Amino acid sequence: MHYYEVFLLRSSAPCLTYHADGVLYAGSVVSVPLKNSLKEAVIVAEVQKPDFKTAEISTVTDKRYSAKQMEMAKFISEYYFSSFSEAISLFIPYRRGAPCGYPKRRGCADGGQPQGIAPTLTTIQQNAYTQLLQKEKALLFGVTGAGKTEIFIALMAKMLEEGKTSIFLMPEISLTPQMEKRLKVYFGDAVAMWHSRITRKKKEQILEAIEDGRVRIVAGARSALFTPLPDLGLIIVDEEHDDSYKAQTRPRYHARDVAVLMGQKLGAKVVLASATPSMTSYAKYDVVKLEKPFIETKKQYRFIAGDSISQPILNALERNFSSGHQSLLFLPTRGNFKYLYCERCGKTHLCPFCSVGMALHRKYRHLKCHYCNYTEPIQDTCQHCGHTPLKSERMGTQEAIEVITSAIAGIKVEQFDRDSITTSKKLKDALKRFESGASHLILGTQMLSKGHDYANITLSVIMGLDHILGLADYRARERAMSLLLQIAGRSGRAKEAEVLVQTNDPDFFRTYLHDYEVFIKDELAFLEMAQYPPFVSLARILIAHKDEAKAGKITLDTVTKLKVFEEIEIVGHGKAPVERIADKFRFQILLKAKNRVPLLKALHSVDCREIEIDMDPVEFS
DNA sequence: AGCACGCCGACT
DNA sequence: GTCGGCGTGCTC
């Protein structure tokens with residue numbers, strides 16, 4: 001009889017021991033009885049007969065995690081503080097006895113041949129391509145519209161030629177349809193799109209196609225990184241600066257960093273790419289610059305003060321509309337207004353379960369909490385002092401649309417935010433209407449900054465940057481600056497364009513508008529002086545509990561335990577910026593260390609059942 | 001005192 | 001994850 005330690009998949013349960021007649025291998029996926037039902041589990045090791053009674057492994061499936069997948073999952077569980085189960089469950093196992101990590105049919109499968117016409121690279125693109133081929137990993141730094149995608153296609157085509165597969169990551173599901181179209185032209189059925197919204201059945205079909213070598217390129221959001229591609233030769237992380245690559249649930253991994261780890265483990269090339277690279281990647285990796293194309297489209301930046309849809313903004317929109325052109329308007333707030341507040345006592349109308357203001361959505365006739373989605377009827381009386389009426393603050397997308405459509409007759413506006421773009425069909429339809437010219441203004445939140453091309457925009461209005469600049473976050477400047485350039489980059493691809501920036505700090509933005517690299521250098525100097533990443537390693541501990549006193553006690557106990565470690569610095573601890581979410585009181589501890597090893601060591605010493613550890617955090621609310 | 005509900009720990 | 005034990009708090 002053989003005894004095996006297993007981890008249940010998709011579970012936070014600890015390691016359990018079962019027995020089996022035959023010999024089994026680490027990585028094998030089996031099904032085991034637990035309580036009254038059967039669960040999938042993965043074998044981790046053979047062990048001696050334990051002193052408790054064990055149950056028998058019911059079935060051995062044809063699925064198997066490779067040794068490398070197991071090693072990467074171990075790293076992820078230890079570095080990002082999750083259970084091994086949660087980490088291995090990110091990965092999709094190999095199947096049907098194909099030797100782990102090797103394809104059943106090596107090299108050129110019939111489906112894997114390029115189908116379209118290879119993009120012809122310009123001299124500048126060719127130069128970057130050649131440099132990238134020579135490096136194991138690199139950061140491709142090129143302005144929007146410089147032609148990074150053609151380089152990616154050329155690299156993936158090269159991999160196909162060499163019998164290798166590729167993974168292409170994008171930060172958001174919403175970007176996949178547009179990229180799919182471009183990749184299909186060249187790679188046809190050899191490319192498959194993968195993300196959390198692909199149906200189970202479709203995923204099964206793709207996995208089969210990967211196994212028999214028809215699919216050689218997987219493109220998609222974070223989860224695409226974990227598909228079982230054999231002979232992986234290349235991982236591309238497009239828009240690598242985007243914080244969506246950082247998972248906000250356990251395991252709280254950063255897909256960009258895991259991509260680099262995976263590249264190292266599997267001997268695959270890693271290309272990170274962005275027009276506004278992260279400080280970390282710029283400091284850490286070789287930079288391949290994609291110089292601006294010769295036919296540079298012109299952008300005129302104009303700065304105006306204020307904080308709502310002002311007359312100059314209406315004038316600019318009206319002028320652009322009546323001359324038959326399309327415009328874009330960005331503001332980082334949803335709904336009509338972000339807050340209701342009382343003029344008499346100065347208090348904000350709060351969600352009863354979270355310590356955040358309720359946003360006003362007049363269209364749905366309710367107030368909505370954007371943290372827990374609790375809704376209630378619109379209030380007009382202060383919940384603290386009974387004063388009436390309440391004032392609304394910080395205009396949102398919905399309100400902006402109402403103001404604009406009533407001021408400019410005939411203008412058709414496309415709302416582009418999480419409230420209106422809820423399905424991929426709505427996304428496609430909105431983009432189609434705008435592309436066809438049926439609508440004249442695309443107005444939305446951060447969603448606008450991500451990757452979509454709007455060829456005919458000649459006016460971009462960017463509002464609310466000051467709110468981002470004012471965030472209590474060491475990356476506030478980076479966020480504001482990259483957001484501005486990303487949004488501006490969406491316009492004027494074909495024509496000359498004006499960018500109207502509403503801010504009370506124009507000098508900050510003006511300095512860096514035409515050269516993000518100058519910004520990176522200044523910002524890195526600041527980060528080094530202030531001792532923030534990439535110059536130190538950062539971790540955040542989040543404590544959430546229904547009982548405020550208990551949450552506070554856990555926080556203090558944890559701080560006490562961490563104080564004995566001399567190599568780490570407790571930057572601060574106390575209530576989280578958002579004190580309460582979904583009826584739980586939230587506390588946090590922020591930790592810093594010159595390097596990650598002592599930080600990990602200290603954190604592994606604390607009881608992590610009641611706390612959530614976030615390594616390399618990007619969210620501080 | 002009896003019962004319902006929700007939290008927490010064990011499960012092999 | 002899912003199940004059951006147990007403690008808290010409400011009602012009869």
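**Exercise 1.** In this predicted model, locate glutamate 86 among the secondary structure elements, decide whether glutamate 86 is buried or exposed, and list what glutamate 86 touches.

Solution.
- Step 1. Glutamate 86 belongs to helix H2, which covers residues 84–88.
- Step 2. Its relative accessibility is 15%. The cut-off for buried is under 20%, so glutamate 86 counts as buried.
- Step 3. A polar atom of the glutamate 86 side chain lies 3.0 Å from the backbone nitrogen of serine 83.
- Step 4. With residues up to four places away in sequence set aside, glutamate 86 touches Ser11, Ser12, Arg250 and Pro251.

**Exercise 2.** Identify the residues around DNA strand C, sort them by class, and find which atoms of DNA strand C lie 3.4 Å from serine 12 and 3.3 Å from lysine 35.

Solution.
- Step 1. Around DNA strand C are Arg10, Ser11, Ser12, Ala13, Leu34, Lys35 and Lys39.
- Step 2. Of the atoms of DNA strand C within 4 Å of the protein, 30% are from sugar and phosphate.
- Step 3. By class, this surface has three charged, two polar and two nonpolar residues.
- Step 4. For serine 12, an N or O atom of the side chain is 3.4 Å from a base nitrogen of DNA strand C.
- Step 5. For lysine 35, a polar side-chain atom is 3.3 Å from a base oxygen of DNA strand C.
- Step 6. Ser11 and Ser12, listed around DNA strand C, are also among the residues that glutamate 86 touches.

**Exercise 3.** For the UniProt "binding site" at Cys342, Cys345, Cys382 and Cys385, find the largest C-alpha distance and describe the surroundings of cysteine 382 and cysteine 385.

Solution.
- Step 1. The annotation comes from an unreviewed UniProt entry.
- Step 2. The four positions are spread over 44 residues of sequence, but they cluster in space, with a largest C-alpha distance of 8.5 Å.
- Step 3. Cysteine 382 sits in the loop between strand S20 (375–377) and strand S21 (391–395); cysteine 385 is also in the loop between S20 and S21.
- Step 4. Cysteine 382 has a relative accessible area of 6% and is buried, whereas cysteine 385, at 28%, is partly exposed.
- Step 5. Beyond four places in sequence, cysteine 382 is in contact with Cys342, Cys345, His387 and Leu390. On the same basis, cysteine 385 contacts Cys342, Arg344 and Cys345.

**Exercise 4.** Treat the UniProt "binding site" at Cys351, Cys354, Cys369 and Cys372 likewise: why can these residues be said to gather at one spot?

Solution.
- Step 1. This annotation, too, is from an unreviewed entry.
- Step 2. The residues span 22 residues in sequence, yet no two of their C-alpha atoms are more than 8.7 Å apart, so they gather at one spot.
- Step 3. Cysteine 351 is in the loop between strand S17 (337–341) and strand S18 (359–361). Its relative accessible area is 2%, which is buried.
- Step 4. Cysteine 372 lies in the loop between strand S19 (366–368) and S20, and is partly exposed at 26%.
- Step 5. Not counting neighbours within four places, the contacts of cysteine 351 include Cys369, Cys372 and Arg580; those of cysteine 372 are Cys351, Cys354 and Ala582.

**Exercise 5.** Which residues have the most contacts inside the largest nonpolar core, and which helix gives the largest share of this core?

Solution.
- Step 1. The largest nonpolar core has 113 residues, and Met481 and Leu603 have the most contacts inside it.
- Step 2. Helix H13 (residues 476–490) supplies the largest share of this core, seven residues.
- Step 3. A second, separate core has 35 residues, among them Cys382 and Leu390.

Conventions
Residues numbered from 1 in each chain as written. Chains lettered and ligands numbered in written order. Predicted model: local features only at pLDDT ≥ 70, side-chain atom pairs only at ≥ 80, totals over all residues. Heavy atoms only, no water. Core = buried A, V, L, I, M, F, W, Y, C linked by side-chain atoms within 4.5 Å. Buried < 20%, exposed > 50% of the residue type's maximum accessible area, 1.4 Å probe, protein only. Helix = DSSP H or I, 4+ residues; strand = E, 2+ residues; numbered from the N terminus. Polar contact = N/O pair within 3.5 Å; in protein donor to acceptor, adjacent residues only side chain to side chain. Contact = heavy atoms within 4.5 Å. UniProt positions renumbered as here; feature names shortened; annotations may be inferred. Near = heavy atom within 4 Å. Nonpolar A, V, L, I, M, F, W, Y, C, P; charged D, E, K, R; others polar.
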